[in-house]
Amino acid sequence: MKSRIILLLAVLGALAVPAAQAHSGAGVAGGFTAGFMHPLGGLDHLLAMASVGIWGAFLGRPLIWMLPVAFPLIMVVGGVLGILGIPLPFVEVGVSSSVIALGLAIAMAWRAPPAIAVAIISVFAIFHGHAHGTELPTAAAPEAYAAGFVMATGLIHIAGIGIGLLVGVRGGQPLLRAAGGVIAATGVWILAGTLGLA
Amino acid sequence: MGPFWSGALHLAVSPLSVASLLGTAAALGGTDVRDAGRGALAGSALGACAALAYQVPGGLAAPAAAVLGGVAVLALRPHGRFAICVGGLGGIATAIAGRPDTIEWPVGPGAALFIFLGLSLATAAFQEIDARFPLVRRVVGAWVAAIGLLLGALALRA
């Protein structure tokens, strides 16, 4: 097993070297980096994505995988609207509100029924997707940008699930609920900034 | 760099090629070694042909990636002919998404080598992961499907 993993890493590393040398900061590599960094660079996206994973882990099966799977797929709907230039009202407010709502769901340990949890995630995913999709056609390498931001979003979800699994550890649930409160409070601050109040 | 390595490395640096390869591996990750091998062989053979056949439009790669991601999201376990179809579709999608602009026959074997090695290693990794964390296959499938759908929309807009 260990030797297989080492072999896999060696092959991937060998394949990655020419790519890294050929493209530094521009073209495909630059587009991928820009797309990958986009969800990591904005606090609103970062907290919302992590909250999806945490809430999914909090809710247990089947939502532990259903939420991180549903989010990118529904995000595509918003992304396509953005790509096609179809306006969506209150996108930034929707993105900020997602941080508040998901933070509160974690803080209150809300065990939402699967259909309702997926519906909530879907609404917010459309706002997040639209924000990304609007920027996509102007990116240097749109293919690489899209791959980068979808991958970063997924990795943040997985990190969120990892954090959320603390719920099974002694004292983990209060800690996560407190973290949810902090996320919701940060969301209020972000929303105030969006509305020009802070 | 010769056309053989060019055929392999063009696929390695194309995000949609890599996404298609990962989607295929995620789809085949729920199978046994025999079906994964069938899929990898079918993928490399059809991928080599597709890399040389410029009549196959590159725009088909995005919807193919979406289909492959969907197979992984649904946690299907392709067996027999279904595994061959999944591997073949993945090989074609991987090859046409990142083939070089020049037509030279060594591009085909280069693409086949990349697809066979990449698919075999990634599928083996997914099989190991699937035994411990089954949700990873679904999550990766969702990424690949999302990338395929987004790039499909982008191509339609262009």
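**Close-up views of a predicted two-chain model**

**View 1. Helix α5 of chain B has the span expected of its 19 residues.** At 1.5 Å a residue, α5(B) should span 27 Å, and its end C-alpha atoms are 28 Å apart, so the two values agree. The model is predicted. Helix α5(B) covers residues 80-98. Most of this helix is covered: 14 of its 19 residues are buried.

**View 2. W105(B) sits in the loop between α5 and α6 of chain B.** Is W105(B) buried, exposed or partly exposed? It is partly exposed, because 13 other C-beta atoms lie within 10 Å, and a residue counts as buried only from 20 such atoms and as exposed at 12 or fewer. G7(B) is 98 residues away along the chain. Even so, the C-alpha atoms of W105(B) and G7(B) are separated by 9.5 Å.

**View 3. Helix α4 of chain B is largely enclosed by the rest of the structure.** This helix runs over residues 61-73. Its 13 residues reach 18 Å from first C-alpha to last, close to the 18 Å expected at 1.5 Å a residue. Ten of the 13 are buried, which is why α4(B) counts as largely enclosed. Among the buried residues are A61(B), A62(B), L68(B), G69(B) and V73(B). What do the buried residues of α4(B) pack against? Their partners are α2, α5 and α7 of chain B, together with α4 (63-83) of chain A. Just after the helix, A75(B) takes a positive phi of about 55°.

**View 4. Helices α2 and α7 of chain B pack with their axes 9 Å apart.** The angle between them is about 145°. Their crossing is left-handed. From α2(B), the contact is made by L16(B), A19(B), L22(B), G23(B) and A26(B). From α7(B) come R137(B), V140(B), G141(B), V144(B), I147(B) and L151(B). By class, this contact has eight nonpolar, two polar and one charged residues.

**View 5. Chain B meets chain A through 26 of its residues.** They are in contact with 34 residues of chain A. Which helices of chain B each supply at least two residues to this side? They are α1 (3-12), α2 (15-28), α6 (107-132) and α7 (135-157). Helix α7(B) gives the most, with 14 residues. The side of chain B that touches chain A divides into 23 nonpolar, no polar and three charged residues.

**View 6. Helix α7 of chain A is mostly covered.** It spans residues 142-164. Its 23 residues reach 32 Å from first C-alpha to last, close to the 33 Å expected at 1.5 Å a residue. Of these residues, 18 are buried.

**View 7. The whole of chain B has seven helices and zero strands.** From the N terminus on, its elements run α-α-α-α-α-α-α. The C-alpha trace spans about 45 × 35 × 25 Å along its principal axes. A compact globule of 158 residues would have a radius of gyration near 15 Å, and chain B has 14 Å, which agrees. Of the 158 residues, 62% count as buried. Among contacts in chain B with a separation of 6 or more, 91% join residues 24 or more positions apart.

Notes
Residues numbered from 1 in each chain as written. Chains lettered and ligands numbered in written order. Predicted model: local features only at pLDDT ≥ 70, side-chain atom pairs only at ≥ 80, totals over all residues. Contact = placed C-beta atoms within 7 Å. Helix = DSSP H or I, 4+ residues; strand = E, 2+ residues; numbered from the N terminus. Nonpolar A, V, L, I, M, F, W, Y, C, P; charged D, E, K, R; others polar. Rg over C-alpha atoms; globule rule 2.2 N^0.38 Å. Expected span 1.5 Å × (residues − 1). Axes fitted to C-alpha atoms, helices over the stretch in contact; angles between N-to-C directions. Left-handed = near helix turned anticlockwise from the far one by under 90°.
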